[in-house]
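Let's take a walk through this one together, going from the whole chain down to a handful of single residues. Keep the viewer open so you can click along.

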Amino acid sequence: MSIQPYPTSSWGHGRIAIDRSNSDESSLPEFEAFDSVTPRAPTTQTISVLGVDMHAADNKRLHNTSKYKNSNLIVRRNNEFFITISFNKPFNNQQDNVQIELLIGSSPDVNKGTYIILSIGIEKITGGWKSRVVEARGNNVTVGITPDASCIIGRFRTFVVIVSDFGKQRTQRNPDTDFYVLFNPWDPADQVYMPRETDRQEYVMNDVGVIYNGEFNNITTRSWNFGQFEEGVLDACLLALDAGKVPILYRGNAIEIVRQGSALMNSQDDDGVLVGNWSGDYSIGTAPTAWTGSPEILLKYARESCVPVCFAQCWVFAGVLNTFMRCLGIPARVITNYCSAHDNTGNLKTDIVLDEDGKVDRSRTRDSVWNYHCWNEVYMKRLDLPEKFSGWQVVDCTPQEISDGLYRCGPTSVNAIKEGELSYPFDAKFVFAELNSDVIYRQSDKYGNSKIISVDTAYVGKLIVTKRVNSNAYEDITSTYKYPEGSDKDKQTMQNAERRGVPTRDYLPVAEAGVDIELQADTIKIGDNFKLKMNIKNQTSQTCTVSATLTGSAMYYTGVTSMTFKLENKTAMVKPWNTTNLMVDVQAVDYMPYLVDQANLLFVVNGRIEETGVSLSTMRVVTLRPPELTIKVSGTPRVGKDLLVIISFRNPHNFILKKVQLRLDAPGLITTRMKSYEQILPGGSVQYTETITPQTPGKKVLIGCLDCAALRQVTNQLEINVV
């Protein structure tokens, strides 16, 4: 099932307009006369409104929204909030007819939930929203208002209306009485209800996180400022919905918000927030590796009238989408899938094509395995699916494939992926392929004919991680997506997937070699020489002779290779039930000229057992570590006291670093700061200092990032405790 295009209703030769903007308004008359009487202003005896107090600070504490740096009231669905109306005389609920009107968008409509009318006087009005008089004291009346559990989220306008025999007298338009309604993961009636408070604190309230990258056996981290509470971020998130023309009518449905958010974060087919770029040339924007958080991006997007921000790759897309979700009240987390397949042909096979010499044929290899790929999970009830498929849902805004006409992916149930139940919406087959494709090594001859020489069913989807609750360590969540490789449950999942349209594994079983090749490497810094260990393990009763060709290439983290810098042939005789270790010397002078973003090297081995003619292949990514960025503070961080932050860096390389950007981010302390350096000479150092005055106590994170064309991914973070 897929969401249908937004409806338009025919009316004669025209159409009924659908309200698609929270920021657009319609003006209501201050006095609205009833048709049955001659219009005139209310008499002097009628009660009138002198003012409305939204009690923003008190209500925010009750609604878990105090952290938002926004002077207006922010509430959550199905949770009562209180306002006080001041009249010119005491309120009499038996005589006075007083209404509260709440409007969103430019075409308010009671039937569409965009025009809410509540009564606190003699007239009784029923509806999803509730109101009651809590207290009447003197000329002041305190009213409790409870938004409907499934109401539209966004910014509402507030009017108090005195209804007389002659008409309606409204209060003037006052932006100070506007308020925001968000999803409510604290309430069991809400679609995004999350039962455990520790989970809510992590997945809704935590404004800084850790995104994991690197490779599966050499995991690296970078802190990310989600910054969902920063000034202007909530308005920027609502503006993104407006820019994407998402009908206000649908903004109460978390599934719709998530699906549209997936499309709105990329600009591939609309004016979404971020422009994806994997070319290596970021000269007209900011390199994806240079960002430290979402607020800088979202505020730039809002400030520049929804012009897409340049540039992003998967972890930036995921970081910004995480902010968008948490800001609106939807529990969300960033996921990293190591060895993530990008299967261009959609056949659950990732084809690596080798030439006659065993070298990777770049021109014929269209599929790729990303070192890692970041997406998001959101937590919600899937009211459109069987109950067992509620909970965590995959959503991915990195533009890879078109879904229902737009570049987006999800939400799709994690539980459904694990069981191979791929007929449920949305985009389950694509996510399943990212996790379960087989790596097929093919060897082609000079005429373009190819044959399968080996298959690796376990390489893709090796490890899936996310930040652990209340910890910076990662949590291995692979078992939530996959059963153990080769288990009966795993086979059943594949059978389910095939019944639901995934192509069968129709290639012939490849002969078992009985010999495994494994590549090993230590943690290596950029610019170091190192040794790559090739372990050849003979698990047969016969001595075997293995001839192997090793190809070394510089590689983007997406698995796309740039230049080959090494080609070496090795031969080893391995005794029965024994392992032989071969060493391959890798020189910096060979690979340094070809390094691309994130400094990845891909080594592919194609081997042949001389005695049997059976082929065997494997590959290994080595991610080189960048030099260190140091962050220090002077003294003990205290509220109201200046704190000196010092970031320092030394260029250890023998080449000049040009056009260097250095960012400092400190969620809850300062907005993003950036310092530019025209160049840093070999052996040269830079030091950047910033004075911060903490306003609130608690744990804070300082995030630093240095970036230039010749050196990416230089990051560090320092956790401090403000007392």
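What follows starts with the overall build and then stops at a few spots worth clicking on.

First, a word on what you're looking at: this is a predicted model. The chain runs to 723 residues, and for that length a compact globule would have a radius of gyration near 27 Å; the chain comes in at 30 Å, which agrees. If you draw a box around the C-alpha atoms along the principal axes, you get roughly 105 × 60 × 45 Å. As for secondary structure, count 11 helices and 42 strands.

How much of the chain is buried? Buried residues account for 54% of the 723. The contacts tell you something about how the chain folds back on itself: take the ones between residues at least 6 apart in sequence, and 69% of them join residues at least 24 apart. On the outside, the accessible surface is about 30,400 Å², with 48% of that belonging to carbon and sulfur atoms. Charges come to 75 positive and 81 negative side chains, and the centres of those two sets lie 3 Å apart.

Now zoom in on helix α8, residues 428–436. Of its 9 residues, 8 are buried, so the helix is largely enclosed by the rest of the structure. The buried ones are A428, F430, V431, F432, A433, E434, L435 and N436. In general, an α-helix has 3.6 residues a turn, so residues three or four places apart point the same way. In α8, the buried list includes neighbours in sequence such as F430, V431, F432 and A433.

Step back along the chain from α8 and you reach a cis peptide bond between P425 and F426, with omega at about 5°. F426 sits in the loop between α7 (414–419) and α8. Another cis bond runs from G410 to P411, with omega near 0°. P411 belongs to strand β24, which covers residues 409–413.

While we're on backbone geometry, have a look at two residues with positive phi that aren't glycine. One is N78, with phi near 60°; you'll find N78 in the loop between β5 (73–76) and β6 (81–87). The other is C339, where phi is about 60°, and this residue is part of strand β18 (residues 332–342). Which of the two is buried and which is partly exposed? N78 counts as partly exposed because its relative accessibility is 29%, while C339 has a relative accessible area of 3% and is therefore buried.

N78 also turns up as a contact of A189, together with A149 and K381, once you leave out residues up to four places away in sequence. A189 is in the loop between β13 and α2 (197–205). With 48% relative accessibility, A189 counts as partly exposed. If you want a ruler check, the C-alpha atoms of A189 and A56 are 24 Å apart, with their positions 133 residues apart along the chain.

Next stop is D178, in the loop between β12 (167–170) and β13 (179–182). Is this aspartate buried or exposed? D178 has a relative accessibility of 3%, so it counts as buried. Its side chain makes a polar contact of 3.1 Å with the side chain of R155. Beyond residues up to four places away in sequence, D178 touches N72, L73, R155, F156, R157, T158 and R173. For a longer reach, try S487: 309 residues along the chain from D178, with 56 Å between the two C-alpha atoms.

Last, T365, in the loop between β19 (349–354) and β20 (368–380). T365 has a relative accessible area of 19%; the cut-off for buried is under 20%, so T365 counts as buried. What does its side chain reach? One partner is the backbone nitrogen of V353, at 3.1 Å, and another is the backbone oxygen of D361, at 2.9 Å. Setting aside residues up to four places away in sequence, T365 touches D351, I352, V353 and V360. V353 thus shows up both as a polar partner and in that contact list.

Notes. Residues are numbered from 1 along each chain as its sequence is written. This is a predicted model: local features need pLDDT of at least 70, side-chain atom pairs count only at pLDDT 80 or more; totals for chains, interfaces and linings use all residues. Side-chain values use heavy atoms; hydrogens and water are left out. Buried means under 20% relative accessible area, exposed over 50%, partly exposed in between (1.4 Å probe, protein chains only). Helices (H or I, at least four residues) and strands (E, at least two) are DSSP runs, numbered from the N terminus. The radius of gyration is taken over C-alpha atoms; the globule rule is 2.2 Å times the number of residues to the power 0.38. Contact means heavy atoms within 4.5 Å. Accessible areas come from the Shrake-Rupley method with a 1.4 Å probe; for residues, only the protein chains shown count as cover. Lys and Arg count as positive and Asp and Glu as negative; His and the chain ends are not counted. The place of a charge is taken as NZ of Lys, CZ of Arg, CG of Asp or CD of Glu. A polar contact is a pair of N or O atoms within 3.5 Å; within protein, one must be able to donate a hydrogen and the other to accept it, and residues adjacent in sequence count only if both atoms are side-chain atoms.
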